[in-house]
Amino acid sequence: MTSEITVAAILERAGELTMLHACGVADEEGRVVALVAKSGTGKTTASSQLARTFGYVTDETVAIRADGTIEPYPKPLSVKQTTTGAAKLQVGPDELGLKVAPEGPRITSIALLDRVTGGEYQLPVIEPVPLVDAVLALIPDTSSQAAVFQPLQSLCRLIDSVGGVLRVSYSEAADLTDSLAPLFLAQPYDRPEVITAWAPALLESEAEQADHQAGEKKEEPIPGDWLQRTDAVDAVEIGGDLLVLTETEVIRLSGIGPIIWQTAQRPVSLQTLAARIEAVHGLPEGYEVLLDAAVEGLVGQGLLLRG
């Protein structure tokens, strides 16, 4: 029942909230640290440890509004039993002695929780994550992010608002409480070296967007041997990379890939693509083979269509 209620709640708020698959804890001022992790990698254990000191927000979904405030979801915690194969116990936060989060919680830090198993024991290590890697890591651990308006752009804005994403590597959850305390402070680390500037990539002109919304956009045929990119949900430029969100996945383009994708907003010939690439990167001898390979890769990923 707990799982069914969680799924229903996520579906109900799809498109309205950014929902990170994370545990969340808050300090007395309502500042929240979201620790993002996949199921079975230590989220619940971290929640049950940290929320004895900090307020318990959730062990499942940190739901963030556009203004950075959080919708708490202090559900029962799913605790593993010692018997192999036994279903997890649903244990209420009061039974575990967890503290209640203050009203009006607000996101302050986002961290990727990375539990190190086996090998040498490791005290918590906190390090910044480059923006492009942070976006690629967070997207699979969000619920219904594609339904949010400008899903990649909104995620980048969220990351900007907390000063970037961190990675927390650790061996035991009991060591996290003291190590994570600085994360409740606004901008606790100097991280300019990995906070790469981002910008929205051009998807459609304002006129095309209006036609799309009115259902009047006409699909014109692509001339033979020409290329045109397919529709994307969202796209952002980060440094020299381009992240394109399709209906099913996020694809990272590097090298000449971003130029090809940007240039192919309208039907375009290989000669025009080569001229555009030359203007930005120059063309090495034998570039035709490299260009063909890049185009074939984008066609194979569903980002380009041939005439």
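Let me start with the second largest pocket, where helix H2 (43-50) and strand S6 (77-79) each contribute at least two residues to the lining; helices here are DSSP runs of H or I with at least four residues and strands are runs of E with at least two, numbered from the N terminus. Before going on, I should say that this is a predicted model, in which local features need pLDDT of at least 70 and side-chain atom pairs count only at pLDDT 80 or more, while totals for chains, interfaces and linings use all residues. Residues are numbered from 1 along each chain as its sequence is written, and side-chain values use heavy atoms, with hydrogens and water left out.

Back to the pocket, then. A pocket is an open set of points on a 1 Å grid over the protein atoms alone, where a 1.4 Å probe fits, with protein on both sides within 12 Å along at least five of seven lines, and its lining residues have an atom within 4 Å of a point. The space in this second largest pocket is about 510 Å³, where the volume is that filled by probe spheres set on the grid points, which are joined across faces, edges and corners. The lining has 24 residues, and Gly42, Thr44, Thr45, Ser78 and Lys88 are the closest to the centre. Helix H2 gives the most to this lining, namely four residues. By class, the lining holds four nonpolar, 11 polar and nine charged residues, with Ala, Val, Leu, Ile, Met, Phe, Trp, Tyr, Cys and Pro counted as nonpolar, Asp, Glu, Lys and Arg as charged, and the others, Gly among them, as polar.

Thr44 belongs to helix H2, and, leaving aside neighbours within four places in sequence, Thr44 is in contact (heavy atoms within 4.5 Å) with Asp59, Leu77 and Ser78.

Now to the interior. A nonpolar core is a set of buried Ala, Val, Leu, Ile, Met, Phe, Trp, Tyr and Cys residues joined through side-chain atoms within 4.5 Å, where buried means under 20% relative accessible area, exposed means over 50%, and partly exposed lies in between, for a 1.4 Å probe and protein chains only. Which members of the largest core touch the most other members? Of its 34 residues, these are Ile107, Ile110, Val135 and Ile238. Among the elements that each supply at least two residues of this core are strand S9 (106-115), helix H3 (131-138) and helix H4 (151-161). Val135, with neighbours within four places in sequence set aside, is in contact with Leu152, Leu155, Cys156, Ile159, Ile238 and Leu243. A second, separate core has 23 residues, including Cys23, Phe54, Val168 and Ala173.

Phe54 brings me to the aromatic rings, since the structure holds one aromatic pair. Phe54 and Phe184 form this pair, which is tilted, with 4.4 Å centre to centre and 35° between the planes; rings of Phe, Tyr and Trp (its six-membered ring) pair if their centres lie within 6.5 Å, and planes under 30 degrees apart count as stacked, over 60 as edge-to-face and the rest as tilted. The two residues are 130 apart, with Phe54 in the loop between H2 and strand S3 (55-58) and Phe184 in the loop between helix H5 (176-180) and strand S13 (198-200). Both Phe54 and Phe184 are buried.

Finally, a backbone detail: Ser144, a residue other than glycine, has a positive phi near 60°, and Gln150, also not a glycine, has a positive phi of about 50°. Ser144 lies in the loop between strand S11 (142-143) and H4, as does Gln150. Ser144 is partly exposed because its relative accessible area is 27%, and Gln150 counts as partly exposed because its relative accessibility is 26%.
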